[in-house]
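Me: Could you take me through one part of this model in detail? I'd like to start with an aromatic cluster and then follow the surroundings outwards.

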Amino acid sequence: MTTRRWAALPVLLVAVFVTTLDFFVANLAVPSIRADLRAGDASVQFVIAGYGLTYAAGLIASGRLGDLYGHRRVFRAGLALFTLASAGCGLASGAAWLVVARLVQGGAAALLAPQVLTLLGELYRGADRATAFRWYGTAVGLAGVSGQVIGGALVAADPLALGWRACFLVNVPIGAAALAMTGRLIPPPSPSPIRPAGLDVGGAVLVAAGLVAVVLPLIEGREQGWPTWAWWCLAASGPILVTFVRRQRRLAGSGRTPLLDLDVFTDRAFALGLVAVALLFGTSAGLSFVLALYLQDGLGLGPLAAGAVCTALNAGFFVASLRPGRIGAPVLLLGLCLLYDVVARAAPPYQVAMALLVVGAGMGLLMSPLLSSVLSAVRPERAGAAAGMLGTVQETGGVLGATITGTVFFGALDGGDWRTATLAGLSVLVASASGVLAFAALRPRARTPVAARVRAQQGRHCGDG
């Protein structure tokens, strides 16, 4: 392996780190954004959920774009767009501007994610590839568990008097540097063997429309008194997604390339595992949203102090993830029940931190085994489609988790009682964690070793440009 190829790894990992980080980094900036931009509840929820919405909606289609136009080219385009959108977020003069910039930022992150996995499979072979993918997992994990802490530290440090804007503007020099190095360190793509007709644009539109039809009314409906259009959107989401499924079956039956290979769902363990993954990521995103508001507006902590409390969650996750095990779901549920009790008793912040330590340990014990076992549940020839669907479910679960929890939270906050609102939000999360436990227990164990599945999946990326 040449030095140049190893030098490309930090560029790819930086892109993964900042795009994962940005799903969480804005949580502790929410109160500052509300005050500075006079943003309403719906706008605040869109700042968090909008990013994940466009991220999830674009993941499957962006993988096809990489096949068509070259993965390095699409990676560079996504990185450039992400950097510009981050600047747009940091310079926003109003809530609407910030929401639009976050939507663009999420779409740019979706362009990046599949290209990174493919480029890693192309650049590294054998033991080098295993090392590269371990670093990839480390980058994603660190970004996920440190997002709120970094966000709180940036808001508290207030560099250049930027306040909450620093959470987004910090991406600009990082993205610009990574973009400058991409051309020199990542080899140019090989000609694509796939014709432009292979991109199912109609399917991509249907997936995006179906997700928007679900999330938009959940975000806007409560604040507007649940108008008629919100119920029509929710009603329309089902037929839209059914149309998408029928389209994919029709394309596959006619010998054309569908956006999603639906045969992956014939594996029962995979299908049940996806539900558990969606609930897990929904629980994580919903908890991040509730904590950011309760710690600051409910307990009156500053961003730095709130970030310090959240460090317990990160510490529990990190330590437990070093030795993952099968008891993660029960530990997660126990931790959330402890957190509910702590909030109900109006306990001091250190007790909140102790409960979060248990919650983080549950997530750390559960995350890696669950994701690995979901991929191991499908046959090797379907591993590529399974990985794409897994990524989409992760992001969609996070979006719906934050949206539904936020809807319940703000609905209970109408009376002005932060503790009651937090308990309402935590009730949703306890139910979600119970679902994780149930679906994880229902899944049959995979018969094929995880390592073989992962190797097969990674090998499928080798010839892509």
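Reply: Happy to. Phe289, Phe409, Phe410 and Trp418 form one aromatic cluster in this predicted model. Two of these residues fall within helices that matter for the next stop: Phe289 belongs to the span of α11 (268-298), and Trp418 to that of α16 (residues 418-442).

Those helices also meet around a cavity. A count of cavities of 30 Å³ or more gives one, and the space in the largest cavity is about 40 Å³. Its lining is made up of Leu287, Val290, Leu291, Tyr294, Leu339, Val343, Thr422 and Leu426. At least two lining residues come from each of α11, α13 (328-344) and α16. With four residues, α11 gives the largest share of that lining.

Further along α16 (residues 418-442) sits Ser434. Ser434 is partly exposed, because its relative accessible area is 31%. Its C-alpha atom is 9.8 Å from that of Leu280, although 154 residues separate the two along the chain. Leu280 falls within the span of α11 (268-298), so this pair gives you another place to look at α11 and α16 together.Back to rings, since the cluster is part of a wider set. The count of aromatic pairs comes to seven. Trp164 and Phe168 make one of them: their ring centres are 6.2 Å apart and their planes stand at 80 degrees, so this pair is edge-to-face. Both of these residues are buried. For Trp226 and Trp231 the ring centres are 5.4 Å apart, and the planes meet at 35 degrees, so this pair counts as tilted. Trp226 is partly exposed, because its relative accessible area is 29%.

Trp164 is worth following a little further, as it leads to Ala29. Leaving aside neighbours within four places in sequence, Ala29 is in contact with Val155, Trp164 and Cys167. Ala29 lies in the loop between α1 (3-24) and α2 (30-37). With a relative accessible area of 0%, Ala29 is buried. Its C-alpha atom and that of Gly151 are separated by 6.7 Å, with the two positions 122 residues apart along the chain.

Now for the loop between α6 (126-157) and α7 (166-169), where Leu160 is found. Leu160 has a positive phi of about 55 degrees, although it is not a glycine. Ala161 has its place in the loop between α6 and α7 too. It is likewise not a glycine, and its phi is positive at about 60 degrees. What is the relative accessible area of Leu160? The value is 78%, and Leu160 is exposed. Ala161 is exposed as well, with a relative accessible area of 66%.

A little further along the chain comes Asn171, in helix α8 (residues 171-185). Is Asn171 buried or exposed? It is buried, because its relative accessible area is 2%, where the cut-off for buried is under 20%. The side chain of Asn171 makes a polar contact with the side chain of Ser86, at 3.3 Å. Beyond its neighbours within four places in sequence, Asn171 is in contact with Val18, Asp22, Phe82, Thr83, Ser86 and Gln105.

Ser86 takes us to helix α4 (residues 71-90). This helix has 20 residues and reaches 28 Å from its first C-alpha to its last, close to the 28 Å expected at 1.5 Å a residue. As for its surroundings, α4 is mostly covered, with 14 of its 20 residues buried. When you look along such an element, it helps to recall that an α-helix has 3.6 residues a turn, so residues three or four places apart point the same way.

One last stop is Gln248, in helix α10 (residues 228-253). Gln248 is buried, with a relative accessible area of 1%. Setting aside neighbours within four places in sequence, its contacts are Asp200, Gly203, Pro258, Leu259, Leu260 and Leu262.

To come back to where we began, the cluster of Phe289, Phe409, Phe410 and Trp418 is a good place to start turning the model, and the cavity lined by Leu287, Val290 and Leu291, among others, is a good place to go next.

Conventions: Residues are numbered from 1 along each chain as its sequence is written. This is a predicted model: local features need pLDDT of at least 70, side-chain atom pairs count only at pLDDT 80 or more; totals for chains, interfaces and linings use all residues. Side-chain values use heavy atoms; hydrogens and water are left out. Buried means under 20% relative accessible area, exposed over 50%, partly exposed in between (1.4 Å probe, protein chains only). A polar contact is a pair of N or O atoms within 3.5 Å; within protein, one must be able to donate a hydrogen and the other to accept it, and residues adjacent in sequence count only if both atoms are side-chain atoms. Contact means heavy atoms within 4.5 Å. Rings of Phe, Tyr and Trp (its six-membered ring) pair if their centres lie within 6.5 Å; planes under 30 degrees apart count as stacked, over 60 as edge-to-face and the rest as tilted. The expected span of a helix is 1.5 Å times one less than its number of residues. On a 1 Å grid over the protein atoms alone, a cavity is a set of points where a 1.4 Å probe fits but cannot get out, and a pocket is an open set with protein on both sides within 12 Å along at least five of seven lines; lining residues have an atom within 4 Å of a point. Grid points are joined across faces, edges and corners, and a volume is the space filled by probe spheres set on the points.
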